[in-house]
Amino acid sequence: MKNKWQNATRCIHYGENRKEPYYSITTPIVNSAPFVFSSSKDLLDYVTGKSSRTQPEYGRMGNPTIKSVQEKLAKLEEGEKGLLFASGMCAITTALLVLLKKNDHIIITNDSYRRTRDFVEDFLPKFGIKSTVTELSTSAVRKAIRKTTKIIFSESPTNPYLRILSLKEIADIGKKNNIITIVDNTFATPINQKPLQYGLDIVIHSATKYLGGHNDLIAGVLIGPKELVQPIEEMLMTIGGICDPNTSYLLERGLKTLDLRVRKHNESAQKIAQFLENHSKISKVFYPGLKSHPDYEIAKQQMKGFGGVVSFLIKSDLKGGMKFIDRLSIPQIAPSFGGAETLIEQPVLMSFMDLPKKEREKRGMSDNLIRLSVGLEDCDDIIKDLQKSLNKL
Ligand SMILES: *Cc1c(COP(=O)(O)O)cnc(C)c1O
């Protein structure tokens with residue numbers, strides 16, 4: 001029966017051990033670095049595989065609080081095995097370090113998370129690993145394939161333009177060419193889309209965003225089939241970027257309301273995107289739930305909802321954008337997204353000011369671009385706030 005549960009039920013009940021010794025409805029936070037053995041014989045039985053004990057001897061190798069969240073997340077993504085990490089970046093870098101070796105080639109799409117792209121372009125070459133950054137389209141990805149291509153890495157939707165890649169086509173390209181396909185599903189969440197169901201090999205999230213959902217933790221997760229995840233788990237024990245039990249518990253608590261929250265984010269962002277699109281001071285809105293979005297059709301096919309992030313261009317410049325933002329009272333100026341609080345940023349100011357203007361523009365980071373992460377406040381309050389400030393532009 002558990003296997004037939006819908007998302008909301010899985011979010012609340014799946015993976016939780018409510019039995020001995022505590023019969024606790026919430027998962028206990030097990031703050032233990034070493035784990036003990038009752039006798040030397042117990043230890044001998046454990047190390048020789050003769051005991052039924054599953055708890056390893058040391059917290060870097062496994063922890064019951066972490067395990068429970070891993071199981072919940074794996075189920076939500078319809079995957080076999082999940083792994084928690086100290087951050088989304090830790091999940092991405094650990095996975096790539098395990099799956100790639102010298103002379104391998106990786107394809108990554110161009111509006112991927114900046115640190116992911118920097119890691120692939122600037123760090124992996126140190127190990128003799130080659131890369132191609134492509135436009136976000138299946139034809140561009142197909143063209144970039146070499147004999148040595150081992151991984152195709154993409155996001156969908158992407159940041160900040162919310163571009164969508166056909167998950168099924170990418171999965172098919174991977175299967176046909178014997179390439180591992182990885183998607184960073186942070187923007188969508190398993191509530192809006194489940195890439196493994198389309199045949200992708202591995203899903204990664206920054207759990208810092210919607211999965212945690214409260215702007216109060218940093219964590220990452222990777223989900224996939226056992227044969228791919230196990231070697232990554234081994235490396236996680238070596239690199240050591242584990243998620244700690246307190247954070248795991250916060251994540252589990254956040255996950256209880258994931259289904260509810262994401263539905264609300266979807267609904268509010270759609271309304272706000274439509275409001276912005278009809279406003280005379282806005283020149284363009286990027287939201288996959290709008291008919292004007294270049295990937296609207298494909299988004300509709302593979303997604304149940306379009307998420308809480310809306311990007312837009314205002315009819316002004318960097319300074320005008322700063323003034324517009326400073327007049328707002330609900331959205332807080334901060335990076336990140338996916339939490340209860342509405343956040344707003346100018347991507348150019350927040351993440352790209354170190355690049356020359358020409359390079360920024362090459363990356364599509366124009367000065368009048370604004371990214372809004374719609375939170376869980378009353379949607380009409382947010383709209384009124386935006387309207388008041390836009391009217392003064
Ligand atoms: C935030 C983010 C990351 C990095 O995750 P951290 O948890 O901050 O390390 C990776 N990918 C995407 C799409 C993100 O939004």
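Here is a short chat about the pockets, the ligand and a few backbone details of a predicted model.

Student: What makes the polar contact between the ligand and Asp 184 count as one?

Tutor: A polar contact is a pair of N or O atoms within 3.5 Å. A nitrogen atom of the ligand is 2.6 Å from an N or O atom in the side chain of Asp 184, so the pair falls within the 3.5 Å limit.

Student: How do you know that Ser 206 and Lys 209 make polar contacts with the ligand too?

Tutor: Use the limit of 3.5 Å again. For Ser 206, an N or O atom of the side chain is 2.8 Å from an oxygen atom of the ligand. For Lys 209, a polar side-chain atom sits 2.7 Å from a ligand oxygen atom. Both pairs pass, because the cut-off is 3.5 Å.

Student: How much of the ligand does the protein cover?

Tutor: On its own the ligand has 380 Å² of accessible area, and the protein covers 92% of that.

Student: Which residues are closest to the ligand, and what makes a residue count as near?

Tutor: A residue counts if one of its heavy atoms lies within 4 Å. The ligand has 13 residues around it, the closest being Gly 88, Asp 184, Ser 206, Thr 208 and Lys 209.

Student: Let's move to the pockets. How big is the largest pocket, and what lines it?

Tutor: Its volume is about 1000 Å³. The lining has 41 residues, with Gln 55, Asn 63, Pro 64, Lys 67 and Ser 68 closest to the centre. Helix H3 (64–76) gives the largest share, 8 residues. Strand E1 (81–85) and helix H9 (226–239) each supply at least two.

Student: What makes 12 residues of that lining "charged"?

Tutor: Asp, Glu, Lys and Arg count as charged, and 12 residues of the lining fall in that class, alongside 16 nonpolar and 13 polar. Lys 67, one of the residues closest to the centre, is a charged one, because Lys is in that class.

Student: What about the second largest pocket?

Tutor: That one holds about 740 Å³ of space. Among its 37 lining residues, Tyr 113, Arg 114, Arg 115, Asn 159 and Ser 351 are closest to the centre. Helix H5 (114–123) gives the most, 5 residues. Helix H4 (88–99), strand E6 (202–206) and helix H14 (347–351) also give two or more.

Student: Why is the second largest pocket said to lie between domain 1 and domain 2?

Tutor: Domain 1 (2–255) and domain 2 (258–390) both give residues to the lining, so the pocket lies between them.

Student: Now the backbone. How do you know that the peptide bond from Glu 20 to Pro 21 is cis?

Tutor: Its omega is near 0°. Pro 21 is in the loop between helix H1 (7–13) and helix H2 (40–47). The bond from Ser 156 to Pro 157 is cis as well, with omega near -5°.

Student: Where is Pro 157, and what stands out about Leu 162?

Tutor: Pro 157 is in the loop between strand E4 (149–155) and helix H7 (167–177). Leu 162 is also found in the loop between E4 and H7. Its phi is near 55°, a positive value in a residue other than glycine.

Definitions and conventions:
Residues numbered from 1 in each chain as written. Predicted model: local features only at pLDDT ≥ 70, side-chain atom pairs only at ≥ 80, totals over all residues. Heavy atoms only, no water. 1 Å grid on protein atoms, 1.4 Å probe; cavity = no way out; pocket = protein on both sides within 12 Å on 5 of 7 lines; lining within 4 Å. Points joined across faces, edges and corners; volume = space filled by probe spheres on them. Helix = DSSP H or I, 4+ residues; strand = E, 2+ residues; numbered from the N terminus. Domains from an automatic or database assignment. Polar contact = N/O pair within 3.5 Å; in protein donor to acceptor, adjacent residues only side chain to side chain. Areas by Shrake-Rupley, 256 points an atom, 1.4 Å probe, with all protein chains shown as cover.
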